[in-house]
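I opened a new structure and kept notes on what I looked up. The entries are in the order I made them.

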Amino acid sequence: MKLLDHYSTNARALPWRHPPGHDGPRDPYPIWLSEIMLQQTTVATVTPRFERFLQKWPSVEGLAAAPLEELLGEWAGLGYYARARNLHGCAVKVAEIGGFPSSEAALRQLPGIGDYTAAAIAAIAFGEDAVVIDTNVERVVARLHAIDRPIKDVRPQIRTLAGELYAGVPSGEMAQALMDLGATICRPKNPKCEACPIADDCKAYASGNPQAFPPRPAKAKRPERHGIAWWIELDGQLFLTRRADKGMLGGMAALPGPDWQDGEAPPSPLPAIRHVFTHFALTLRIEQRSQPPANLEGWWHPLDRLEEAGLPTLYRKAADAMLAQRKEAPLHA
Ligand code: SF4
């Protein structure tokens, strides 16, 4: 098949991957870890973090034995923190049952493993037959068949058509070949059709405007939220707290502050940062306080070692803004 031939000589070298045609044993742990990290996060961001994770926890048993706070700290900056909590829950479960199951159905029972991830692990780690469909695969299939409706409206059709691509070939190799094609050639914008091994079979290419497929649904405006973070500093230390386990940034280290509110931020002289989450945009103002509220649990963290605090990007941004402001106009106690 043209796509697999192309993959055999053009596969991306990724640290969690075996080269095309690899016939030896495969450890499902790094494959699972990479698949979870790659959900919503780019290969470029994931690669160094994946390597650090594996160095720190070379086995799923080691990861299962790690304190959740340590894992959350290591995950800081990768976003979508429910993934990190599920990662830990899954590692604990896998260690308990003595290893990853090999079937899609059994994998799907584990925390944080949905349809796509179960299919990917079953196919890539265990050589099972599975139809692995991520957003790259959806786009390639939609273009091959010039499907002119938004993906969300045609998922069953895409599944059937993707199944035809997977029929009679090694699923793991095909999954990775399709992912590579979608990431490097059949990109969302400006697909490189002249370099595409399956251009002869592609109806979108034949149409003369491949990028028009699949059509994108109109983007809804992102809702606004606003909030306040307290900057409480004493003797070179910053007071941090841990967010509630459930909800946004659950379980992560944070600057303390009241719950965020819906709506546009009211005018204020306080410094502010903006952070865009998937479902809303947040304006976070930073207010200096001299001490934490009496009943607030937290800890003092040295300001000159803030990178070790495990702060997610939102609070790193807030801290960086405060520290940058201080350089311009030093604070006075
Ligand atoms: S020919 Fe172009 S649009 Fe069609 S699959 Fe290849 S890269 Fe995508």
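These notes cover one pair of helices, then the enclosed space, then the open pockets.

**Entry 1: the model.** I note at the start that this is a predicted model.

**Entry 2: a helix pair.** I looked up how helix H3, residues 43-56, sits against helix H5, residues 68-75. Their axes come within 11 Å and cross at roughly 155°. Angles over 145 degrees count as roughly antiparallel, so H3 is roughly antiparallel to H5. I also recorded the hand of the crossing, which is right-handed where H3 passes H5.

**Entry 3: the residues between them.** Which residues of H3 and H5 meet? From H3 I listed Arg49, Arg52, Phe53 and Lys56, and from H5 Glu70, Leu71, Glu74 and Trp75. Sorted by class, this contact has five charged residues, three nonpolar and no polar.

**Entry 4: enclosed space.** I searched for cavities of 30 Å³ or more and the count came to one. The volume of this largest cavity is about 100 Å³. Its lining is made by 14 residues, and those nearest the centre are Arg143, Cys186, Cys193, Cys196 and Cys202. Two elements give two or more residues to that lining: helix H9 (135-144) and helix H11 (171-185). H9 has the largest share, three residues. By class, I wrote down 13 nonpolar residues, one charged and no polar for the cavity lining.

**Entry 5: the largest pocket.** How much space lies in the largest pocket? I noted about 1,100 Å³. There are 36 lining residues, with Leu38, Tyr116, Asp134, Thr135 and Asn136 nearest the centre. The elements giving two or more residues here are helix H2 (28-38), helix H8 (115-126), H9, helix H10 (155-166) and H11. H8 gives the most, with five residues. The lining of the largest pocket divides into 15 nonpolar, twelve polar and nine charged residues.

**Entry 6: the second largest pocket.** I recorded a volume of about 770 Å³ for the second largest pocket. It is lined by 22 residues. Nearest its centre I found Thr135, Pro215, Arg216, Pro217 and Lys219. Thr135 was already on my list for the centre of the largest pocket. Which element has the largest share of this second lining? I noted H9, with four residues. By class, the second lining has ten nonpolar, eight charged and four polar residues.

**Entry 7: looking back.** H9 appears in three of my lists: it lines the largest cavity, the largest pocket and the second largest pocket.

Definitions and conventions. Residues numbered from 1 in each chain as written. Predicted model: local features only at pLDDT ≥ 70, side-chain atom pairs only at ≥ 80, totals over all residues. Heavy atoms only, no water. Axes fitted to C-alpha atoms, helices over the stretch in contact; angles between N-to-C directions. Parallel < 35°, antiparallel > 145°, perpendicular 65-115°, else oblique. Left-handed = near helix turned anticlockwise from the far one by under 90°. Contact = heavy atoms within 4.5 Å. Nonpolar A, V, L, I, M, F, W, Y, C, P; charged D, E, K, R; others polar. 1 Å grid on protein atoms, 1.4 Å probe; cavity = no way out; pocket = protein on both sides within 12 Å on 5 of 7 lines; lining within 4 Å. Points joined across faces, edges and corners; volume = space filled by probe spheres on them.
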